[in-house]
Every structure is written in C-alpha cells, then in structure tokens.
Amino acid sequence: MQQGRELDTLSVIIPLYNKQADIELTLHSIMAQSLQPREVIVVDDGSTDQSAAIVERMAYPAVRLVRQRNAGVSAARNRAIAEAKGEWVALMDADDLWHPDYLLNFERMLRRHPDCEAFGTAFRVDDGRRQVIPAHPAEEGVVDFFAESMRGYVLIPSATILRRDLVLRLGGFPEGMRMGEDQYLWTKVARATKIAYSPKELVLYSRAASNRSAASFRGEQTRFSLEELYDERESEMSNEYVARVALGKALLQSAGGDSKAARRALEFFAYNRLSKRIERKVRALNALPRFMRAAVLATYNTLAWIVARKGL
C-alpha cells in the first residue's frame, strides 16, 4: 500500500457482486492513491463466488467489508452510504480503476468549487482490446449537467463524488431499479445542486469486465420509475434528459421481450424533441418478433461501438 496524506472527509463505497476476477485490482487502485481516503466500504451483495473472501484476504486496514443478502446494486450502494463516516462519498464499481491522482484531483476541484455538492471526472472505456474516451465536457468547471449529458457523459458511478448528506436527502439510489438507476439519481442531484466537472481522464471503466449489469436483461422489481421524474416545473432540458434515459432503457426492455414496458415508455415520453432517433429505434425493435430483438440490438450496438472506437 502506498502511504499518502489522508482525505479524512471522504469515504469510498463499492457494491460487490460476483467480481472475483476484478475486485483485487480495483482495491489496489484505491489504496495506491496519492491522497488516501478515510475509509473504503465494500458491501458484498450476496456474492456466490470468492469476491468477499478476496477482500478479506487483502486485509487493508482502511477497507471494511459489509455483507448482506442479494438486494441489487442500488441497495448495496445505499447501505454503504448509510455506513459511511465521510462528508463525501466516492462511488466506485468493483471492476473499474482509478488513476493514482483521482482523489487528489477531487480535493483540488473542491477548493475551486466549494459551492458544488457533486463532482464528475472524464474516463476511458476499456473493451479488452483498446481504450476509448467517450464524449464529455471539454472545459473544467461548473457544467450544465442536462445540456452536456445530451451529448456526452458528465457522471458515471466510478467517476462521481457526492456530498453524503445530499444523497441521503434525495433518498439515495432507487432500490430495485435495474436499468437507469444511476441516471435517476443524477437527475435529482442536478436539480438540487451545482455540478463541477474535470476533463482529466482519471478513471478506467472496464467494458470487458465480468458480470456488467447492463450486459443482461432482467425485469424491474421496484416502486421507482423514470416517469416520476418528469416535472413541468423543471427545465425543458432536464425533462428531455429523462426522456432520453427512459427511451434508452426501453430499447433494452424491448430486446428483453418486455414489449409492454417499451410501449409505455414510448407513450409517456412522446413529449421529447431531442431523442426522436432513439424513439424510432424502440418502435422498430418493438415491431420485430421477440426472438429476433436481442440479436438485432446486439448487432447494432457492436457496429456502433466499432465506429466509436475508430472515430468515424
């Protein structure tokens, strides 16, 4: 473990579920930070592999393992946030990596933007063959989250740090929501506070890692919905963002055979002006026989990823 100055106001939180191939490197990247966190809380969400045993074997003093029955990633994150002692919580997935100066960069950003309660950082995507930098804001500073998120990424879990009290005040992540749960919370965060962003690429998001939740479709088991985020009192762009997230989710729901959920999203979010292309894709996919949809969407996404990698 690399010894460094401690950022005693920050806790790192990690939801863990069947990531035995990845969790060791993830923890090493945290413990190698030039500025050390106060603590790292790993919530094992009912893993059936050796993930939890690996965390215990590593025996880092700053790392605390909490075990619970499988309840989903949102419940695991909420449990970790509830257990955290820091004023700030740095979200981290169990298969991603941080550059050694990730937390140091946060400290610097916090000094420059003390009135912000949320911070995001640029990241690279590793698909196992090469790394790609997704679209993101080009300049450092306070950003218009909704406008920027319509054309790139501002917040993703492993590259986001939030004030703990803010998350608790907003009700945390929506438990039981399997797709769009991050964007659900980002919407509430962006409506409640300023967000500062750093274009430094300090996070490596592993698209090739095992057991990525977005890789498989499972039905929702939640009382929360993206529909409830529509609010005519909020800005038009924030409602456009919600529609884009919901229609992207509807694509996966349709591919998984849930035609009813996809139709409901098409009807509710028909107000959108800026996501018509996604809307058309949902309609086209939903018109196909169920047995064809997953393969068609997978082929489309693969081609889109190839284009993105080549910068075409």
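**Notebook: contacts, salt bridges and helix pairs**

**Entry 1. Tyr 230**

I began with Tyr 230 and skipped its neighbours within four places in sequence; beyond those, Tyr 230 is in contact with Asn 239, Phe 268 and Tyr 271. I note here that the model is predicted. Next I asked where Tyr 230 is placed. I found Tyr 230 in the loop between β10 (195-206) and α8. Is Tyr 230 buried or exposed? Neither word fits, because its relative accessibility is 35%, which counts as partly exposed. I also looked up the spacing from Tyr 230 to Glu 240, ten residues apart along the chain. Their C-alpha atoms are separated by 9.0 Å.

**Entry 2. Glu 240 and its partner**

I stayed with Glu 240. Which residue forms a salt bridge with Glu 240? I found Arg 273, with the closest N and O atoms 4.0 Å apart. This pair links distant parts of the chain, 33 residues apart. Glu 240 sits in helix α8 (residues 236-255). Arg 273 sits in the loop between α9 (259-268) and α10 (276-286). I then checked how each residue is covered. Glu 240 has a relative accessible area of 2%, so I wrote it down as buried. Arg 273 has 51%, so I wrote it down as exposed. The cut-off for exposed is over 50%.

**Entry 3. Salt bridges inside helices**

I wrote a reminder to myself first. Side chains of opposite charge can pair when their charged atoms come close.

How many salt bridges are there? The count comes to 24. I looked up two of them inside helices.

In helix α3 (residues 73-83) I took Glu 83 and Arg 79. Their side chains meet in a salt bridge, at 3.2 Å from N to O. They are four residues apart in the helix, so about one helical turn separates them. Glu 83 is partly exposed, at 26% relative accessibility. Arg 79 is partly exposed too, at 30%.

In helix α4 (residues 102-112) I took Glu 107 and Arg 111. Their side chains also meet in a salt bridge, at 3.6 Å from N to O. Again the two residues are four apart, so about one helical turn lies between them. I checked their accessibility as well. Glu 107 counts as buried, because its relative accessibility is 15%. Arg 111 has a relative accessible area of 59%, so I noted it as exposed.

I also looked for linked salt bridges. Which residues are linked in a network of salt bridges? I listed Glu 87, Glu 117, Arg 163 and Arg 169.

**Entry 4. Helices α8 and α9**

I moved on to helix packing. Two packed helices are described by the angle between their axes and the distance between the axes.

For α8 and α9 I noted an angle of about 160°, with the axes 8 Å apart. Angles over 145 degrees count as roughly antiparallel, so α8 is roughly antiparallel to α9. The crossing of these two helices is left-handed. Which residues make the contact? From α8 I listed Ala 246, Leu 247, Ala 250, Gln 253 and Ser 254. From α9 I listed Ala 261, Ala 262, Ala 265 and Leu 266. I sorted the contact residues of α8 and α9 by class: seven are nonpolar, two are polar and none is charged.

**Entry 5. Helices α1 and α2**

I did the lookup for helix α1 (residues 23-31) and helix α2 (residues 51-58). Their axes come within 9 Å and cross at roughly 35°. The crossing of α1 and α2 is right-handed. On the α1 side, the contact is made by Ile 23, Glu 24, Leu 27 and His 28. On the α2 side, I listed Ser 51, Ile 54, Val 55, Arg 57 and Met 58. By class, this contact has five nonpolar, two polar and two charged residues.

**Entry 6. Two positive phi angles**

I closed with backbone angles. Most residues other than glycine have a negative phi. I looked up two residues that are not glycine and have a positive phi.

Asn 18 has a phi of about 50°. I found Asn 18 in the loop between β1 (5-16) and α1. At 18% relative accessibility, Asn 18 counts as buried.

Ala 59 has a phi of about 55°. I found Ala 59 in the loop between α2 and β3 (63-68). Is Ala 59 buried or exposed? Ala 59 is exposed, because its relative accessible area is 55%.

Terms used
Residues numbered from 1 in each chain as written. Predicted model: local features only at pLDDT ≥ 70, side-chain atom pairs only at ≥ 80, totals over all residues. Heavy atoms only, no water. Buried < 20%, exposed > 50% of the residue type's maximum accessible area, 1.4 Å probe, protein only. Axes fitted to C-alpha atoms, helices over the stretch in contact; angles between N-to-C directions. Parallel < 35°, antiparallel > 145°, perpendicular 65-115°, else oblique. Left-handed = near helix turned anticlockwise from the far one by under 90°. Contact = heavy atoms within 4.5 Å. Nonpolar A, V, L, I, M, F, W, Y, C, P; charged D, E, K, R; others polar.
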